[in-house]
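Subject: Structure for you to look at

Hello,

Here is the structure I promised to pass on. Please open it and keep it beside this email while you read.

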Amino acid sequence: MEAPNTIRSEQGEARYLVSSKRHQARRPMPVLRLIGNFLILAGVILLLSIGGWYGYTTWSNQQFIDQLQAEGGIVNPSVEATALPTAPAPVVIPNLAGGTIATEMLGIANKPPVVDSSPPIQLVIPSVKIDTKVVPVSWVMLPAPGGKLKSEWQVADYAVGHHAGSANPGEPGNVVLSGHVDYKGQVFKDLDKAQKGDEVVLHTEKGQYVYVITDRVLVKEEGVSHEEKERNARYMNPTPDPTLTMITCWPYGIDTHRLIMIAKPYQSALTAQSEFTIR
C-alpha cells in the first residue's frame, strides 16, 4: 500500500515516491544571535538617551547664555568690559551669636569697630544648596608662548579655594574664590543656577559675612588669545570696596568658558521695620 499524499513517478526504469508536503527543518536561534539582537537594542536606547541628554544640555546652556546676554553679563572678547558697579558697604563686626551687625544702623559712632581679618573657612549659597569648606590656594608658574612664564591658580579638591593675596571678608578689597564645576567634589556645579539678588554667606572663625550677588559674567577661555585670558583675569584684581568674586568653569563637562559671580556686602537699609539687622 502506498503512503498517503504521495504520487508515483516513473522515469525510465526508476520508480520512487514524491511527497506533496514540504517539510522545513526548524533550528533553534543561536545564543549568539540573541545576544547580538540585545546589544543592538541596547545600543539604540543608549544613542537615543545620549541624543536626548545632549539636546537638553544644549538647550539649557543656550537659555543661560540668553539670560546673561539680557543682563549684559556676556563679555565680548573684542570689546573692553566696563568697570563693574560698586556700592558703599556697612562696617561689619562679628557679634556674640556669630552673625554680623551694620554699625552705622546701630548709631554707634564713638565705638571703633572690631576688625575681623581672619580668612574664610566656609561658603554657603542657600538658593542653590552650595555649602562647602574654604581652603587657601596659591599659584604655579607654567611655560607661556615666547619662552615666558605665566602664573596659573591652583584649584582646590573637594573645597572652594581662597586665592592667596586676595582680601579676607573683614577687609576692604576683593575676596577671590574658585572651585571645580565637574571634578573632585564639583563644589560649584550649581553655581550657574544662582541668580542676581541671591544671598551668599561667607564664614570666618570669628563671624559671618552676608553678600548679595550683583553681577553674573561669562567670558570665553578656550580658543582665545593669551592677551584675552589676561584680560579675563582682571576680575581677580583688587577692588577699592568690599567685593566677593566666585569663579568656576562653564558649561558642565565642556569647560570652554569662565563663569564669574560677583557679590557685594548685604545692604539692609531698606528694612525700615527695624533700626538694625542682625545677620
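Below are notes on confidence, the barrel, two unusual backbone spots and two pockets.

Confidence

Please bear in mind that this is a predicted model. The average pLDDT of the protein is 76, and 70% of the residues score at least 70. Two stretches do worse. Over residues 77-109 the pLDDT stays under 50, and the model has 66 contacts beyond four places in sequence for them. Residues 268-279 also stay under 50, with 21 contacts beyond four places in sequence. Where pLDDT is low, the predicted coordinates should not be read in detail.

The barrel

Which strands make up the barrel, and in what order? Going round, the order is β5-β6-β9-β10-β13-β14-β12-β11, eight strands that close into a barrel with mixed pairing. On average, neighbouring strands of this sheet are turned by 30° against each other, if direction is ignored. To see one pairing, look at β5 (residues 120-125) and β11 (residues 199-204), which run antiparallel and are joined by four bridges. L123 has L202 in β11 as its bridge partner.

Two spots in the backbone

Most residues other than glycine have a negative phi, and most peptide bonds are trans. Here is a departure from each habit. The peptide bond from W250 to P251 is cis, with omega near -5°. P251 sits in the loop between β13 and β14. Y158, which is not a glycine, has a positive phi, near 60°. Y158 is found in the loop between β8 and β9 (160-163).

The largest pocket

Rolling a probe the size of a water molecule over the atoms shows where empty space is left. The largest pocket has a volume of about 950 Å³. It is lined by 31 residues, and those closest to its centre are S151, E152, W153, E221 and R258. Which elements each supply at least two residues of this lining? They are β8 (148-153), α3 (226-232), β13 (243-250) and β14 (257-265). The largest share comes from β8, with six residues. By type, the lining of the largest pocket divides into 13 nonpolar, nine polar and nine charged residues.

The second largest pocket

The second largest pocket holds about 470 Å³ of space. It has 22 lining residues, and S60, N61, D192, K193 and Y252 lie nearest its centre. At least two lining residues each come from α1 (31-71) and β13. Which element gives the largest share of this lining? That is α1, with eight residues. The lining of the second largest pocket divides into 11 nonpolar, seven polar and four charged residues.

When you go through the model, β13 is a useful place to begin: this strand is part of the barrel, supplies residues to the lining of the largest pocket and also to that of the second largest pocket.

Regards

Key:
Residues numbered from 1 in each chain as written. Predicted model: local features only at pLDDT ≥ 70, side-chain atom pairs only at ≥ 80, totals over all residues. Heavy atoms only, no water. 1 Å grid on protein atoms, 1.4 Å probe; cavity = no way out; pocket = protein on both sides within 12 Å on 5 of 7 lines; lining within 4 Å. Points joined across faces, edges and corners; volume = space filled by probe spheres on them. Nonpolar A, V, L, I, M, F, W, Y, C, P; charged D, E, K, R; others polar. Pairing = 2+ DSSP bridges. Axes fitted to C-alpha atoms, helices over the stretch in contact; angles between N-to-C directions. pLDDT = per-residue confidence, 0-100. Contact = heavy atoms within 4.5 Å.
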